[in-house]
Each structure stands twice: as C-alpha cells, then as structure tokens.
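Thanks for making time, everyone. I'd like to walk you through one chain today, so have a look at the screen and stop me whenever you like.

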Amino acid sequence: VDDYINGMHERTEKVMGRLESLVQDHPAVKHVFTRVGSSPRYGTDESKANLFIALRHWDERLEPEWSASALVANAKDRSHLGTVRPIPVRRQDLRS
C-alpha cells in the first residue's frame, strides 16, 4: 500500500511540476506555489493538488493575454489536463 501511495504522490508531483513550468515564466506571473497531497475541499489524497498563482498587479498586466482567465486557458490547453478549476480574484472583489 505504501508503494502505491508513494507512486501516486510522485505522479501527482510530476504533473504539477509540468503545469508549474508552463506558467512560472509568463510575464504576468509573480509567484507560483504548488501543494500536492491535500485539498481544502477533499482533505488528504495523494492524487489531489493545488497550484496557486500570484499575478502581478493589474496595472502591470496591460495585455489581454495576461489576464487570469487567459493564463488558465493557455495552461489548460498546453497541459492537456482534463480538470482545471480556476478561482480568480477580480479587481472589483477587492474594493471595499
């Protein structure tokens, strides 16, 4: 069982590493953080992972392809992953 779980964790890390490399060099991206083996929605599961992408300030992202939705669509197309659930924070969400 341990070998199976370790193998699943390694495969998940490999996929997330590929996805991280697709976005980390994009000019709109400031930071990338990957969490493998757990999910806020599903708890601990070696096949689950999250990729958090901090983008540069809106004033620095003037090109349409530098939007959060364009970045996610591009990464999804290039990664061939079936499920990508972006949770973008929009500028109006931050206003008080």
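Before anything else, pLDDT is the predictor's confidence in each residue, on a scale from 0 to 100. We need that here, as this is a predicted model. Over the chain, the mean pLDDT is 76, with 69% of residues at 70 or more. If you go element by element, strand 1 has the highest confidence, at 82, and strand 2 the lowest, at a mean of 77.

Okay, the layout. We have two helices and two strands, and reading from the N terminus the order is α-β-β-α. The chain has 96 residues, and 18% of them count as buried. About 7,200 Å² is exposed, and 50% of that comes from carbon and sulfur atoms. As for contacts, take the ones between residues at least 6 apart in sequence: 50% of those join residues at least 24 apart.

Let's start with helix 1, residues 2-23, and pick out Thr12, which sits in it. Buried or exposed, what would you say for Thr12? Thr12 is buried: its relative accessible area is 10%, and the cut-off for buried is under 20%. So who's touching it? Setting aside residues up to four places away in sequence, Thr12 touches Val36, then the run Glu46, Ser47, Lys48 and Ala49.

Moving along, the loop between helix 1 and strand 1 holds His26. The His26 side chain reaches the backbone nitrogen of Ala28, at 3.0 Å. Beyond its neighbours within four places in sequence, His26 is in contact with Glu65, Trp66 and Leu71. Keep Leu71 in mind, as that one is among the buried residues of helix 2.

While we're at Ala28, there's another pairing to mention. Glu60 comes 32 residues away along the chain, yet the C-alpha atoms of Glu60 and Ala28 are separated by 7.7 Å. Glu60 belongs to the loop between strand 2, residues 43-55, and helix 2. At 46% relative accessibility, Glu60 counts as partly exposed.

Now the strands. Lys30 is in strand 1, residues 29-39. Which residues does Lys30 contact, leaving aside neighbours within four places in sequence? The answer is Ala54, Leu55 and Arg56. With Ala54, the C-alpha to C-alpha distance is 5.5 Å, across 24 residues of sequence.

Last stop, helix 2, residues 68-79. A quick sanity check on its length: with 12 residues at 1.5 Å each, the expected span is 16 Å, and the end C-alpha atoms are indeed 16 Å apart, so the two agree.

Which residues of helix 2 are buried? They're Leu71, Ala75 and Ser79. Look down the axis of helix 2 and these buried residues fall within an arc of 50 degrees, so they line one face of the helix. That spacing is worth a reminder: an α-helix has 3.6 residues a turn, so residues three or four places apart point the same way. Swing round to the face of helix 2 turned away from the buried side, and you'll find the exposed residues Ser69 and Asp77. And right after helix 2, His80 takes a positive phi, about 65 degrees.

That's the tour. Shall we take questions?

How values were computed
Residues are numbered from 1 along each chain as its sequence is written. This is a predicted model: local features need pLDDT of at least 70, side-chain atom pairs count only at pLDDT 80 or more; totals for chains, interfaces and linings use all residues. Side-chain values use heavy atoms; hydrogens and water are left out. Helices (H or I, at least four residues) and strands (E, at least two) are DSSP runs, numbered from the N terminus. The expected span of a helix is 1.5 Å times one less than its number of residues. Buried means under 20% relative accessible area, exposed over 50%, partly exposed in between (1.4 Å probe, protein chains only). The arc is that of the directions from the helix axis to the C-beta atoms. Contact means heavy atoms within 4.5 Å. Accessible areas come from the Shrake-Rupley method with a 1.4 Å probe; for residues, only the protein chains shown count as cover. A polar contact is a pair of N or O atoms within 3.5 Å; within protein, one must be able to donate a hydrogen and the other to accept it, and residues adjacent in sequence count only if both atoms are side-chain atoms.
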